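The exercises below are meant to be worked through with the sequence and the 3D view side by side. Try each task before reading the solution that follows.

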Amino acid sequence: MNKLEYLYRIHRNKSLAEINENISSVKVNLSYTDNDEYASKPKERILSPDSSVICYFDCINPTCTKGYIDFTNKLRDMLLRNEESFKHQETCDGYQDEERVNQYGCRVKIQYEIKIVYKDNS
């Protein structure tokens, strides 16, 4: 079972509102700085209360194998604690390409921020 299959099995595609009924919206902003080889424009995803709690972005390295940035558990934890924002930097846990699986990690750096708006705070 791969990581995505595991996420779907654990979270059963619950909506954000199923975890916190006071959710109004979620914004996830990504930027990619401090990367020597790969570049990408910043990305943004807006989630509604009906959106799935399973939230991830594919790696910007076009040859990356088995790599993506997963926000599912952090987003779920924030909703359970009524947290409003979180900033962090992650490193892709995939591999540089298919020939280097289990040898060389992708190591693309991603800076992200999650902002949650709750109905009682709008």
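## Exercise 1: The overall layout

Task: state in which pattern the helices and strands follow one another along the sequence of this protein.

Solution. Read from start to end, the sequence gives the pattern α-α-β-β-β-β-α-β-β, and the protein thus read is a predicted model. The protein has 3 helices and 6 strands. Turning from the elements to the residues, 36% of the 122 residues count as buried. As for contacts between residues with a separation of 6 or more, 64% of them join residues that are 24 or more positions apart.

## Exercise 2: The sheet

Task: work out the strand order of the open sheet of 4 strands, and find which strands stand at the edges.

Solution. Begin with strand 1, which is joined to strand 2 by 5 bridges in the antiparallel sense; one residue pair to look for here is Lys-27 with its bridge partner Ile-46 in strand 2. Strand 1 also pairs with strand 6, again antiparallel, over 8 bridges, and in this pairing Leu-30 has Tyr-112 of strand 6 as its bridge partner. Next, strand 6 (residues 109–118) is joined to strand 5 by 7 bridges, and these two run antiparallel as well; Phe-86 stands opposite Ile-114 in strand 6.

Putting the pairings together gives the order 2-1-6-5 for the open sheet, with antiparallel pairing. Strand 2 (43–47) and strand 5 (85–91) each have a single partner strand and therefore stand at the edges, one side of each being left without a neighbour in the sheet. From one strand to the next, the twist averages 15 degrees.

## Exercise 3: Helix 3 and the core

Task: explain why the buried residues of helix 3 line one face of the helix, and find which elements give two or more residues to the largest nonpolar core.

Solution. The buried residues in helix 3 (residues 72–81) are Thr-72, Leu-75, Met-78 and Leu-79. When one looks down the axis of helix 3, these buried residues fall within an arc of 135 degrees, and so they line one face of the helix. To place the helix against the sheet, note that helix 3 lies across strand 1, strand 2, strand 5 and strand 6, and that it runs at about 30 degrees to strand 6.

The largest nonpolar core has 29 residues, and those with the most contacts inside it are Val-26, Phe-71, Leu-75, Ile-114 and Ile-116. Helix 2, strand 1, helix 3 and strand 6 are the elements that give two or more residues to this core, and the largest share, 5 residues, comes from strand 6. To follow one core residue outward, take Val-26: leaving out residues up to four places away in sequence, Val-26 touches several residues, including Leu-16, Ile-46, Leu-75, Ile-114 and Ile-116.

## Exercise 4: A residue in a loop

Task: decide whether Asn-20 is buried or exposed, and find which residues Asn-20 is in contact with, leaving aside neighbours within four places in sequence.

Solution. First locate Asn-20 in the loop between helix 2 (16–19) and strand 1 (23–31). The relative accessible area of Asn-20 is 7%, and since buried means under 20%, Asn-20 counts as buried. With the neighbours within four places set aside, Asn-20 is in contact with Leu-79, Asn-82 and Tyr-118. To the first of these, the side chain of Asn-20 makes a polar contact, reaching the backbone oxygen of Leu-79 at 2.8 Å. Asn-82, for its part, follows helix 3 and has a positive phi, near 60 degrees.

## Exercise 5: Positive phi between two strands

Task: for Asn-102 and Arg-107, find in which loop each lies, and then determine whether Asn-102 and Arg-107 are buried or exposed.

Solution. Asn-102 lies in the loop between strand 5 and strand 6, and the loop between strand 5 and strand 6 also holds Arg-107. Asn-102 is not a glycine, yet its phi is positive, at about 65 degrees; Arg-107, likewise a residue other than glycine, has a positive phi near 70 degrees. The relative accessibility of Asn-102 is 64%, so Asn-102 counts as exposed, and Arg-107, at 55%, counts as exposed too.

Definitions and conventions. Residues numbered from 1 in each chain as written. Predicted model: local features only at pLDDT ≥ 70, side-chain atom pairs only at ≥ 80, totals over all residues. Heavy atoms only, no water. Buried < 20%, exposed > 50% of the residue type's maximum accessible area, 1.4 Å probe, protein only. Polar contact = N/O pair within 3.5 Å; in protein donor to acceptor, adjacent residues only side chain to side chain. Contact = heavy atoms within 4.5 Å. Arc of directions from axis to C-beta. Pairing = 2+ DSSP bridges. Axes fitted to C-alpha atoms, helices over the stretch in contact; angles between N-to-C directions. Core = buried A, V, L, I, M, F, W, Y, C linked by side-chain atoms within 4.5 Å.
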